Amino acid sequence: MKMRPHILLFYLGVFFTPWTAFAQEEGSAELYLEAYSDSFQENFFEALKQKGIENYDKAINLLLECKRIAPDDPVVDHELAKAYMASKDYVLAQGYAISVVKARPKNRWYLNTLVDILQKQGNTLEGVKSELPFNDNELQQNLALIYYRQGNYEKAMNVLSATKTTAFSDALMSKLKDSMALAKQTPTKNGQSKEDVVRNPLEDYRSKIDLHLTNANFVEALSLSKEALERFPSQPYFYYAYGTALNETGESKAALQPLLEALDYLLDDPELANKIYKALGKAYNTLGNTSKANMYLRKIKPGS
């Protein structure tokens with residue numbers, strides 16, 4: 001079963017996804033799949049579908065079959081790492097993530113997945129650097145960018161300072177210095193100054209976007225959530241907010257992709273999951289697809 005390009009893009013996603021980066025770095029995703037059998041393609045797309053509906057065990061089994069067919073494919077290892085992470089099997093997730101970073105040390109998305117897995121365990125990349133080609137300059141600069149996008153400016157600065165200077169590192173260093181300067185404030189109480197504290201930019205975005213959504217300022221929410229996604233491209237809330245703002249400004253079709261992307265990044269947040277399902281239900285109802293709308297509305301869990 002050969003997948004048509006538009007079906008391929010629907011499954012893999014074109015909105016800030018690892019596959020977009022893969023297609024750019026390794027050649028088109030369509031050509032990538034042409035190299036594999038119908039069996040591989042059917043298992044692979046079914047795995048993505050099962051992961052999307054949170055049937056992680058089935059997704060993992062299908063991906064393992066893909067790995068049997070293509071044992072050295074880093075894309076399969078990356079999907080396995082994400083599926084195991086979603087099922088909270090962090091040990092196996094970490095093993096696959098390390099494997100894929102070793103195979104493609106310059107791929108930022110693979111590194112980002114490994115960092116996510118490690119952070120969910122309370123660990124850092126520095127703890128496993130002996131298992132990685134950690135001396136790779138591009139890997140270290142990508143790591144600094146990941147920390148920067150998380151709002152961990154000091155850690156990003158420490159990593160970046162140890163790398164060889166490039167145009168990329170110079171630009172990132174400038175952004176880091178600007179962000180660190182803007183993040184500092186001196187709170188006062190009764191006229192008394194306290195020590196400077198560093199605000200969490202991620203939470204700042206979220207609180208402002210929340211306020212815009214609550215007050216039905218959807219144009220403002222759209223602009224701010226888009227900006228937040230550029231800085232924090234793995235945060236499900238910002239995908240939800242962007243999709244909701246699109247939906248509420250008459251762009252229901254465009255809203256589907258970021259809302260589905262929100263589900264792909266979502267872990268252990270039933271309240272946000274319910275909001276995403278509700279938004280998807282509204283978008284599909286607006287588009288006249290009641291069966292899809294009801295499918296997502298049925299996923300809403302009471303009491304969350």
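Which helix has the lowest confidence in the protein, and which has the highest? Helix 2, residues 18-26, is lowest, at a mean of 36. Helix 7 is highest, at 96. This is a predicted model, so let me start with confidence.

The protein averages a pLDDT of 81. Of the residues, 81% score at least 70. Two stretches stay under 50. One is residues 1-31, and the model gives that stretch 62 contacts beyond four places in sequence. The other is residues 186-198, with 15 contacts beyond four places in sequence. Keep those two in mind when you rotate the view.

Now, empty space. Rolling a probe the size of a water molecule over the atoms shows where empty space is left. Here the count comes to four cavities of 30 Å³ or more. The largest has a volume of about 70 Å³. Two elements give two or more residues to its lining: helix 8, residues 108-120, and helix 9, residues 137-149.

Who lines that largest cavity? The list includes Asn112, Asp116, Ile146 and Arg149. It also includes Leu202, and the run Arg231, Phe232, Pro233, Ser234 and Gln235. By class, the lining has four nonpolar, four polar and three charged residues.

Next, the second largest cavity. About 60 Å³ of space lies in it. Once more, helix 8 and helix 9 are the elements that give two or more residues to the lining. The residues are Arg108, Trp109, Asn112, Leu145, Ile146, Arg149, Pro233 and Ser234. By class, that is four nonpolar, two polar and two charged.

Compare the two lists on screen. Asn112, Ile146, Arg149, Pro233 and Ser234 line the largest cavity, and Asn112, Ile146, Arg149, Pro233 and Ser234 also line the second largest.

On to charges. How many salt bridges are there? Six. I will take three of them.

One pairs Asp77 with Lys67, at 2.9 Å, N to O. Asp77 lies in helix 6, residues 74-86, and Lys67 in helix 5, residues 56-69, so the pair ties together parts that are 10 residues apart in sequence. Asp77 counts as buried, at 6% relative accessibility.

Another stays inside helix 6. Glu79 and Lys82 meet in a salt bridge at 3.3 Å, N to O. Both lie in helix 6, three residues apart, about one turn of the helix. Buried or exposed? Both Glu79 and Lys82 are buried.

The third on my list joins two loops. The side chains of Asp136 and Lys106 meet at 2.9 Å, N to O. Asp136 sits in the loop between helix 8 and helix 9, and Lys106 in the loop between helix 7, residues 90-103, and helix 8, so this pair ties together parts that are 30 residues apart in sequence. The two ends have their own accessibility values. Asp136 is buried, at 16% relative accessibility. Lys106 is partly exposed, at 43%.

Now a local spot around Ser169 and Lys164. Ser169 lies in helix 11, residues 167-183. Ser169 is buried, with a relative accessible area of 6%. What does Ser169 touch, leaving aside its neighbours within four places in sequence? Gln141, Leu160, Thr163 and Lys164.

Take Lys164 from that list. Lys164 is in the loop between helix 10, residues 153-161, and helix 11. Lys164 counts as exposed, at 64% relative accessibility. Again leaving aside neighbours within four places, Lys164 is in contact with Asn137, Gln141 and Ser169. So Gln141 turns up on the contact list of Ser169 and on that of Lys164. One distance to note: Lys164 and Glu138 are 26 residues apart in sequence and 9.1 Å apart in space, C-alpha to C-alpha.

Last, backbone angles. Two residues to check on your Ramachandran plot. Glu54 has a phi near 70 degrees, a positive value in a residue other than glycine. Glu54 is placed in the loop between helix 4, residues 38-52, and helix 5. Glu54 is partly exposed, with a relative accessible area of 38%.

Lys88 also has a positive phi, about 70 degrees, and is not a glycine. Where does Lys88 lie? In the loop between helix 6 and helix 7. At 49% relative accessibility, Lys88 counts as partly exposed.

Note on methods
Residues are numbered from 1 along each chain as its sequence is written. This is a predicted model: local features need pLDDT of at least 70, side-chain atom pairs count only at pLDDT 80 or more; totals for chains, interfaces and linings use all residues. Side-chain values use heavy atoms; hydrogens and water are left out. On a 1 Å grid over the protein atoms alone, a cavity is a set of points where a 1.4 Å probe fits but cannot get out, and a pocket is an open set with protein on both sides within 12 Å along at least five of seven lines; lining residues have an atom within 4 Å of a point. Grid points are joined across faces, edges and corners, and a volume is the space filled by probe spheres set on the points. Helices (H or I, at least four residues) and strands (E, at least two) are DSSP runs, numbered from the N terminus. Ala, Val, Leu, Ile, Met, Phe, Trp, Tyr, Cys and Pro count as nonpolar, Asp, Glu, Lys and Arg as charged, and the others, Gly among them, as polar. A salt bridge is a side-chain nitrogen of Lys or Arg within 4 Å of a carboxyl oxygen of Asp or Glu. Buried means under 20% relative accessible area, exposed over 50%, partly exposed in between (1.4 Å probe, protein chains only). pLDDT is the predictor's confidence in each residue, from 0 to 100. Contact means heavy atoms within 4.5 Å.
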